[in-house]
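Q: Got a minute to go through a structure with me? I'd like to start with one helix and work outwards.

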Amino acid sequence: MSMDYAHNAKVLKKLRVWTNENLPVYGTYIGYDLGVQILESCTSAHQSSLKEIYHTLPHSEPQLRRKLRAFERDDWIHLTNSSCDQRNYLVVPNEKLLEAYNKYFLLMTRLSQELKLS
């Protein structure tokens, strides 16, 4: 039995449409990458600093700054001073971001069951 690419493409489209409507991607991979980077720091012993984000992600600092301002303006994150270095800011996800990604992961789980993999 061969893989049903046409059906699976429709499943991917559903995920993409939901993502664009419900996550702070702002129509770019920069927004997507930024959201994932912020989530990744939720489980580590420290939160991501602005400097760390600028050095980790494969996007220019001005592009990241614009997206971070949008994230903050739209209440997805907030910035706070680092207790270790007052010159640096930490990026902290707001409940809005965490709730949106909770829904995203549930949707991914549901849609993965719809895939036809041979």
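Q: Which residues are exposed on the other side of α1, away from its buried ones?
A: Those are Tyr5, Ala6, Lys10, Lys13 and Glu21. Bear in mind that this is a predicted model.

Q: And which ones in α1 are buried?
A: Asn8, Val11, Leu15, Trp18 and Thr19. They cover an arc of only 105° around the axis, so they sit on the same side of α1.

Q: Where does Tyr5 fall in the helix numbering?
A: Tyr5 belongs to α1, which covers residues 5–22. Tyr5 has a relative accessibility of 61%, and because exposed means over 50%, Tyr5 gets that label.

Q: What surface patch is Tyr5 part of?
A: A nonpolar one, made up of Met3, Tyr5, Leu115 and Leu117. Together they have about 400 Å² of accessible area.

Q: Back to α1 for a second. How does the span of its 18 residues agree with what they should give?
A: At 1.5 Å a residue, α1 should span 26 Å, and its end C-alpha atoms are 25 Å apart, so the two agree.

Q: OK, zooming out. What's the secondary structure of the chain?
A: Five helices and two strands. Starting at the N terminus, the order is α-α-α-α-β-β-α.

Q: And the overall dimensions?
A: Along the principal axes, the C-alpha atoms fill a box of roughly 60 × 25 × 25 Å.

Q: How much of the chain is buried?
A: 36% of the 118 residues count as buried.

Q: Let's do the strands. In what sense do β1 and β2 pair?
A: Antiparallel, over five bridges. β1 is residues 77–81, and β2 is residues 89–93.

Q: What stands opposite Ile77?
A: Pro93, in β2.

Q: Is β2 mostly covered or mostly open?
A: Mostly covered: four of its five residues are buried.

Q: Switching to charges. How many salt bridges are there?
A: Four in the structure. As general background, side chains of opposite charge can pair when their charged atoms come close.

Q: Which side chain does Glu61 meet in a salt bridge?
A: Arg65, with 2.3 Å from N to O. Both residues are in helix α4, residues 61–73, and they are four residues apart, about one turn of the helix.

Q: How accessible is that pair?
A: Glu61 is partly exposed, with a relative accessible area of 35%. Arg65 counts as partly exposed too, at 37%.

Q: What does Asp74 form a salt bridge with?
A: Arg73, and the closest N and O atoms are 3.2 Å apart. Arg73 counts as exposed because its relative accessibility is 60%, while Asp74, at 25%, is partly exposed.

Q: Which residues are linked in a network of salt bridges?
A: Lys14, Arg110 and Glu114. Within it, Glu114 forms a salt bridge with Arg110, where the closest N and O atoms are 3.1 Å apart.

Q: Why do Glu114 and Arg110 both get called partly exposed?
A: That label runs between the buried limit, under 20%, and the exposed one, over 50%. Glu114 has 24% relative accessibility, so it counts as partly exposed. Arg110 has 45%, so it also counts as partly exposed.

Q: Last topic, backbone oddities. Which residue has a positive phi of about 50° although it is not a glycine?
A: Tyr26. You'll find Tyr26 in the loop between α1 and α2, the latter being residues 29–40. With 29% relative accessibility, Tyr26 counts as partly exposed.

Q: And what's the phi of Asp75?
A: Near 65°, which is again a positive value in a residue other than glycine.

Q: Where does Asp75 lie?
A: In the loop between α4 and β1. Asp75 is partly exposed as well, at 46% relative accessibility.

Q: Great. Can you leave me with a short list to check on screen?
A: Sure. Look at the buried side of α1, with Val11, Leu15 and Trp18 among its residues. Then go to the nonpolar patch that includes Met3 and Leu117. After that, try the network linking Lys14, Arg110 and Glu114. Finish with the positive phi values at Tyr26 and Asp75.

Key: Residues are numbered from 1 along each chain as its sequence is written. This is a predicted model: local features need pLDDT of at least 70, side-chain atom pairs count only at pLDDT 80 or more; totals for chains, interfaces and linings use all residues. Side-chain values use heavy atoms; hydrogens and water are left out. Patches are made of residues with over 30% relative accessible area and no salt bridge: like charges are joined within 9 Å, nonpolar side chains (Val, Leu, Ile, Met, Phe, Trp, Tyr) within 5 Å. Accessible areas come from the Shrake-Rupley method with a 1.4 Å probe; for residues, only the protein chains shown count as cover. Buried means under 20% relative accessible area, exposed over 50%, partly exposed in between (1.4 Å probe, protein chains only). Two strands pair if DSSP finds at least two bridges between them. The expected span of a helix is 1.5 Å times one less than its number of residues. The arc is that of the directions from the helix axis to the C-beta atoms.
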